[in-house]
Amino acid sequence: DQDATTAALEEEEEEEKANNNNNREQEDDGGSSDVLIRSLVAGLRHGLGNLRSAMPVGERNGVVSNYVPDFHGQIDYLLYTERHWTLRRRRRLPTRLDLQQALGSKKVFLPCRSWPSDHIAVVADLAPTIPLSSSSSSS
(Lines give C-alpha, C1' and ligand atoms only; values in the text may rest on other atoms or scores of the structure.)
Protein backbone atom coordinates (compact mmCIF):
# COMPACT_ATOMS: atom_id res chain seq x y z
CA ASP A 1 0.00 0.00 0.00
CA GLN A 2 1.56 3.29 -1.13
CA ASP A 3 -0.03 5.32 1.69
CA ALA A 4 1.47 3.00 4.30
CA THR A 5 4.90 3.21 2.62
CA THR A 6 4.71 7.01 2.48
CA ALA A 7 3.67 7.16 6.15
CA ALA A 8 6.54 4.87 7.14
CA LEU A 9 9.06 7.01 5.24
CA GLU A 10 7.70 10.19 6.83
CA GLU A 11 7.95 8.57 10.27
CA GLU A 12 11.59 7.61 9.60
CA GLU A 13 12.36 11.18 8.48
CA GLU A 14 10.82 12.59 11.67
CA GLU A 15 12.79 10.15 13.79
CA GLU A 16 15.99 11.09 11.94
CA LYS A 17 15.30 14.81 12.51
CA ALA A 18 14.72 14.14 16.21
CA ASN A 19 18.00 12.20 16.44
CA ASN A 20 19.87 15.01 14.68
CA ASN A 21 18.38 17.57 17.07
CA ASN A 22 19.40 15.44 20.05
CA ASN A 23 22.94 15.20 18.66
CA ARG A 24 23.17 18.99 18.33
CA GLU A 25 21.92 19.46 21.90
CA GLN A 26 24.63 17.13 23.22
CA GLU A 27 27.48 19.15 21.70
CA ASP A 28 28.48 20.63 25.02
CA ASP A 29 32.19 19.90 24.94
CA GLY A 30 33.33 21.76 21.84
CA GLY A 31 32.66 18.99 19.31
CA SER A 32 33.91 15.79 20.90
CA SER A 33 34.49 12.85 18.58
CA ASP A 34 31.64 10.78 20.07
CA VAL A 35 29.16 13.53 19.13
CA LEU A 36 30.74 13.70 15.69
CA ILE A 37 30.36 9.97 15.02
CA ARG A 38 26.73 9.97 16.19
CA SER A 39 26.01 12.89 13.86
CA LEU A 40 27.73 11.21 10.92
CA VAL A 41 25.85 7.94 11.22
CA ALA A 42 22.45 9.40 12.22
CA GLY A 43 21.03 9.05 8.69
CA LEU A 44 23.08 6.03 7.61
CA ARG A 45 21.02 3.10 6.34
CA HIS A 46 22.36 -0.34 5.52
CA GLY A 47 21.33 -3.97 5.57
CA LEU A 48 24.00 -5.17 8.00
CA GLY A 49 21.90 -5.11 11.16
CA ASN A 50 22.84 -3.20 14.29
CA LEU A 51 26.46 -2.13 14.15
CA ARG A 52 28.45 -2.06 17.38
CA SER A 53 31.75 -0.39 18.03
CA ALA A 54 34.59 -2.54 19.35
CA MET A 55 35.75 0.53 21.29
CA PRO A 56 33.67 2.45 23.82
CA VAL A 57 31.80 5.27 22.05
CA GLY A 58 29.86 8.05 23.66
CA GLU A 59 31.65 7.70 26.96
CA ARG A 60 33.79 10.52 28.22
CA ASN A 61 36.73 8.14 28.43
CA GLY A 62 39.34 10.52 27.06
CA VAL A 63 40.93 8.01 24.70
CA VAL A 64 42.48 9.17 21.46
CA SER A 65 43.14 7.54 18.10
CA ASN A 66 44.38 10.80 16.55
CA TYR A 67 46.80 13.19 18.24
CA VAL A 68 47.81 16.26 16.22
CA PRO A 69 48.39 19.90 17.26
CA ASP A 70 44.87 21.07 16.37
CA PHE A 71 42.94 18.00 17.55
CA HIS A 72 43.14 15.00 19.81
CA GLY A 73 40.32 12.51 20.08
CA GLN A 74 38.84 9.27 18.86
CA ILE A 75 38.08 9.35 15.14
CA ASP A 76 38.89 5.75 14.20
CA TYR A 77 36.40 2.97 14.84
CA LEU A 78 36.03 -0.76 14.27
CA LEU A 79 32.38 -1.67 13.70
CA TYR A 80 30.87 -5.16 13.73
CA THR A 81 27.50 -6.91 13.97
CA GLU A 82 26.80 -9.07 17.02
CA ARG A 83 24.78 -11.35 14.76
CA HIS A 84 27.97 -12.39 12.95
CA TRP A 85 30.79 -11.61 15.40
CA THR A 86 31.62 -11.81 19.10
CA LEU A 87 34.05 -9.33 20.60
CA ARG A 88 36.67 -11.32 22.52
CA ARG A 89 39.04 -8.55 23.53
CA ARG A 90 40.31 -5.20 22.42
CA ARG A 91 43.47 -3.19 22.85
CA ARG A 92 42.86 -0.13 24.98
CA LEU A 93 43.44 3.15 23.20
CA PRO A 94 45.74 5.59 25.01
CA THR A 95 44.58 8.81 26.62
CA ARG A 96 46.12 12.18 25.81
CA LEU A 97 48.08 11.95 29.08
CA ASP A 98 49.36 8.47 28.13
CA LEU A 99 50.70 9.88 24.85
CA GLN A 100 52.26 12.94 26.48
CA GLN A 101 54.10 10.65 28.89
CA ALA A 102 55.15 8.20 26.15
CA LEU A 103 56.34 10.97 23.82
CA GLY A 104 58.05 12.83 26.67
CA SER A 105 56.47 16.22 25.99
CA LYS A 106 53.20 18.11 25.68
CA LYS A 107 54.61 19.68 22.51
CA VAL A 108 55.32 16.49 20.53
CA PHE A 109 52.45 15.23 18.41
CA LEU A 110 51.82 12.45 15.90
CA PRO A 111 53.34 11.71 13.48
CA CYS A 112 56.80 11.92 14.98
CA ARG A 113 60.10 10.09 14.84
CA SER A 114 58.93 7.30 17.16
CA TRP A 115 55.40 7.00 15.67
CA PRO A 116 55.24 7.58 11.88
CA SER A 117 51.44 7.96 11.65
CA ASP A 118 49.02 10.50 13.09
CA HIS A 119 46.58 7.66 13.86
CA ILE A 120 46.71 4.92 16.46
CA ALA A 121 45.40 1.57 15.28
CA VAL A 122 42.11 0.34 16.65
CA VAL A 123 42.70 -3.34 17.39
CA ALA A 124 40.23 -6.00 18.51
CA ASP A 125 39.88 -9.78 18.39
CA LEU A 126 36.56 -10.88 16.91
CA ALA A 127 35.30 -14.44 16.64
CA PRO A 128 32.64 -15.52 14.17
CA THR A 129 29.31 -16.22 15.86
CA ILE A 130 28.44 -18.84 13.28
CA PRO A 131 31.23 -21.43 12.82
CA LEU A 132 33.01 -21.11 9.50
CA SER A 133 32.38 -24.03 7.16
CA SER A 134 35.37 -26.20 6.43
CA SER A 135 36.37 -26.87 2.86
CA SER A 136 37.72 -30.35 3.61
CA SER A 137 36.19 -33.22 1.65
CA SER A 138 35.45 -36.75 2.87
CA SER A 139 37.27 -39.74 1.33
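Leaving aside its neighbours within four places in sequence, which residues is leucine 51 in contact with? They are His46, Leu79, Tyr80 and Thr81. The model discussed here is a predicted one.

## Overall layout

The protein has 139 residues, and 21% of them count as buried. Its secondary structure consists of three helices and six strands. Read from the N terminus, these elements follow the order α-α-β-β-β-β-β-α-β.

Among the contacts with a separation of 6 or more, 74% are between residues 24 or more positions apart. The accessible surface of the protein is about 10400 Å², and carbon and sulfur atoms account for 49% of that area.

## Strand 1 and strand 4

Leucine 51 belongs to strand 1, which covers residues 51-53. Leucine 51 is partly exposed, because its relative accessibility is 33%. One of its contacts, tyrosine 80, is 29 residues away in sequence, yet the two C-alpha atoms are 5.4 Å apart in space. Another of its contacts is Thr81. Threonine 81 is placed in strand 4, residues 79-81. With a relative accessible area of 9%, threonine 81 is buried. Beyond residues up to four places away in sequence, threonine 81 touches Leu48, Asn50 and Leu51.

Serine 53 is also found in strand 1. Is serine 53 buried or exposed? Serine 53 has a relative accessible area of 18%, so it is buried, given that the cut-off for buried is under 20%. Apart from neighbours within four places in sequence, serine 53 is in contact with Tyr77, Leu78, Leu79 and Tyr80. Its C-alpha atom is separated by 8.8 Å from that of threonine 81, and the two residues are 28 residues apart along the chain. The side chain of serine 53 has a polar atom 2.8 Å from the backbone oxygen of methionine 55.

## Asparagine 66 in strand 2

Strand 2 spans residues 66-68 and contains asparagine 66. Asparagine 66 counts as buried because its relative accessibility is 5%. Which backbone oxygen lies 2.9 Å from a polar atom of the side chain of asparagine 66? The oxygen is that of aspartate 118.

Asp118 is also one of the residues that asparagine 66 touches, once residues up to four places away in sequence are not counted. The others are Phe71, His72, Gly73, Ile75 and His119.

## The aromatic pair

There is one aromatic pair in the structure. The ring centres of tyrosine 67 and phenylalanine 109 are 5.2 Å apart and the ring planes are at 40 degrees, so the pair is tilted. Tyrosine 67 is in strand 2, while phenylalanine 109 is in the loop between helix 3 (96-103) and strand 6 (124-128); the pair therefore ties together parts that are 42 residues apart in sequence.

Are the two residues of the pair buried or partly exposed? Tyrosine 67 is buried, because its relative accessibility is 1%. Phenylalanine 109 has a relative accessibility of 23%, so phenylalanine 109 counts as partly exposed.

## Helix 3

Helix 3 has buried residues, namely Leu99, Gln100 and Leu103. These residues cover an arc of only 100 degrees around the axis, which means that they are on the same side of helix 3. Leu97, Gln101 and Ala102 are exposed on the other side of helix 3. Strand 2 is included in what covers the buried residues of helix 3.

Leucine 103, leaving aside neighbours within four places in sequence, is in contact with Tyr67, Val108, Leu110, Cys112 and Ser114. Just after helix 3 comes glycine 104, with a positive phi of about 80 degrees.

## The largest nonpolar core

How many residues make up the largest nonpolar core? The number is eleven. Leu99 and Leu103 are among them, and both are buried residues of helix 3. Tyr67 is another member, and this residue also takes part in the aromatic pair with phenylalanine 109. Met55 belongs to the core as well, and its backbone oxygen lies 2.8 Å from a polar side-chain atom of serine 53. The remaining members are Val63, Val64, Leu93, Leu110, Cys112, Ile120 and Val122. Of these, Leu110 and Cys112 are in contact with leucine 103.

How values were computed
Residues numbered from 1 in each chain as written. Predicted model: local features only at pLDDT ≥ 70, side-chain atom pairs only at ≥ 80, totals over all residues. Heavy atoms only, no water. Helix = DSSP H or I, 4+ residues; strand = E, 2+ residues; numbered from the N terminus. Buried < 20%, exposed > 50% of the residue type's maximum accessible area, 1.4 Å probe, protein only. Contact = heavy atoms within 4.5 Å. Polar contact = N/O pair within 3.5 Å; in protein donor to acceptor, adjacent residues only side chain to side chain. Areas by Shrake-Rupley, 256 points an atom, 1.4 Å probe, with all protein chains shown as cover. Phe/Tyr/Trp six-rings, centres within 6.5 Å; stacked < 30°, edge-to-face > 60°. Arc of directions from axis to C-beta. Core = buried A, V, L, I, M, F, W, Y, C linked by side-chain atoms within 4.5 Å.
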